[in-house]
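These are my notes from going through one model, written down in the order in which I looked things up.

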Amino acid sequence: MSIFSRFLPKRKPVEIKNNIPKEKENIKKTFGLYCHKHHNTKDDKLCPKCTALLATVMTKMNRCPYGITKPICDRCDRAVMCFGAKQAQEFMSIMNGTQKRMFLSHPMMAIKHKLASMGVDYAKFQQEKKISDKVKAKEEAAKKRAKERKEKK
Ligand SMILES: [Zn+2]
């Protein structure tokens with residue numbers, strides 16, 4: 001072992017979890033709750049409209065450009081591109097309007113979904129911070145250059 005090895009960053013294998021099956025399960029349950037309440041359906045059955053929307057969501061999820069690293073669909077910026085404006089809105093309103101009920105009937109699943117959506121917020125925050133740091137650094141550099149130019153004159 002060389003004396004420098006301890007200064008090298010330790011490499012951790014990146015573990016990518018596939019959360020899509022869980023997300024699908026959560027979305028199906030949420031649709032079930034919503035449809036039973038608003039469209040008087042029962043058990044595993046959904047009304048034709050909810051069935052169609054759910055089918056669209058499941059298909060689009062399989063084709064998600066982010067792959068298994070995708071954020072959850074009901075918090076994703078691309079949802080409108082994936083589902084179209086109308087279906088995205090219906091999907092969001094079903095998901096958001098039903099999450100409270102999910103806490104009562106499937107608390108663990110709802111909490112995990114909530115955590116996943118917080119993860120999306122955190123990733124977005126980090127991304128925006130990185131961008132604003134870059135902008136700041138550029139501004140600082142520009143100021144410095146301007147100052148140097150002035151001093152030369
Ligand atoms: Zn329905």
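I began with the aromatic rings, and found that ring pairs link Phe31, Phe83 and Phe91 into a cluster. The model is a predicted one, and I keep that in mind for each entry. Searching the whole structure, I obtained two aromatic pairs. For Phe83 and Phe91 I noted a centre-to-centre distance of 5.3 Å and an angle of 70° between the planes; because edge-to-face applies to planes over 60 degrees apart, I entered this pair as edge-to-face. I then looked up the burial of these two residues, and both Phe83 and Phe91 turned out to be buried.

Next I turned to the chain as a whole. I counted five helices and zero strands, so that the order of elements from the N terminus reads α-α-α-α-α. Of the 153 residues, 27% count as buried, and the accessible surface comes to about 12,100 Å², with 59% of this area belonging to carbon and sulfur atoms. I also looked at sequence separation: among the contacts with a separation of 6 or more, 60% are between residues 24 or more positions apart.

How do two packed helices get described? I recorded the angle between the axes and the distance between them, as is general for such a pair. For helix α2, residues 48-62, and α4, I found the axes 11 Å apart at an angle of about 100°, and α2 and α4 are therefore roughly perpendicular to each other. On the α2 side I listed Lys49, Leu53, Thr56 and Val57, which meet Gln87, Glu90, Phe91 and Ile94 of α4. By class, the residues of this contact between α2 and α4 divide into four nonpolar, two polar and two charged. Phe91, which I had already entered as a member of the ring cluster, thus appears again in this list.

I then examined helix α4, residues 85-105, against helix α5, residues 107-152, where the axes come within 6 Å and cross at roughly 135°; that angle makes α4 oblique to α5. From α4 the contact takes in Met95, Gln99, Met102, Phe103, Leu104 and Ser105, and from α5 it takes in Pro107, Met109, Ala110, Ile111, His113 and Lys114. I sorted the residues of the contact of α4 with α5 into eight nonpolar, three polar and one charged.

Is Asn26 buried or exposed? I placed Asn26 in helix α1, residues 20-38, and its relative accessibility is 2%, so Asn26 counts as buried. Setting aside its neighbours within four places in sequence, I found Asn26 in contact with Met95, Gln99, Met102, Met109 and His113. These five names also stand in my list for the contact of α4 with α5, and I cross-referenced the two entries.

My last lookup concerned backbone angles, since most residues other than glycine have a negative phi. Which residues in the loop between α1 and α2 did I write down here? I entered Asn40, where phi is near 50°, a positive value in a residue other than glycine, and Asp43, for which phi is likewise positive and near 50°. Asn40 has a relative accessible area of 72% and is exposed, while Asp43, at 67% relative accessibility, counts as exposed too.

How values were computed. Residues are numbered from 1 along each chain as its sequence is written. This is a predicted model: local features need pLDDT of at least 70, side-chain atom pairs count only at pLDDT 80 or more; totals for chains, interfaces and linings use all residues. Side-chain values use heavy atoms; hydrogens and water are left out. Helices (H or I, at least four residues) and strands (E, at least two) are DSSP runs, numbered from the N terminus. Buried means under 20% relative accessible area, exposed over 50%, partly exposed in between (1.4 Å probe, protein chains only). Contact means heavy atoms within 4.5 Å. Accessible areas come from the Shrake-Rupley method with a 1.4 Å probe; for residues, only the protein chains shown count as cover. Axes are lines fitted to C-alpha atoms, for helices over the stretch in contact, and angles run from 0 to 180 degrees between N-to-C directions. Angles under 35 degrees count as roughly parallel, over 145 as roughly antiparallel, 65 to 115 as roughly perpendicular and the rest as oblique. Ala, Val, Leu, Ile, Met, Phe, Trp, Tyr, Cys and Pro count as nonpolar, Asp, Glu, Lys and Arg as charged, and the others, Gly among them, as polar. Rings of Phe, Tyr and Trp (its six-membered ring) pair if their centres lie within 6.5 Å; planes under 30 degrees apart count as stacked, over 60 as edge-to-face and the rest as tilted.
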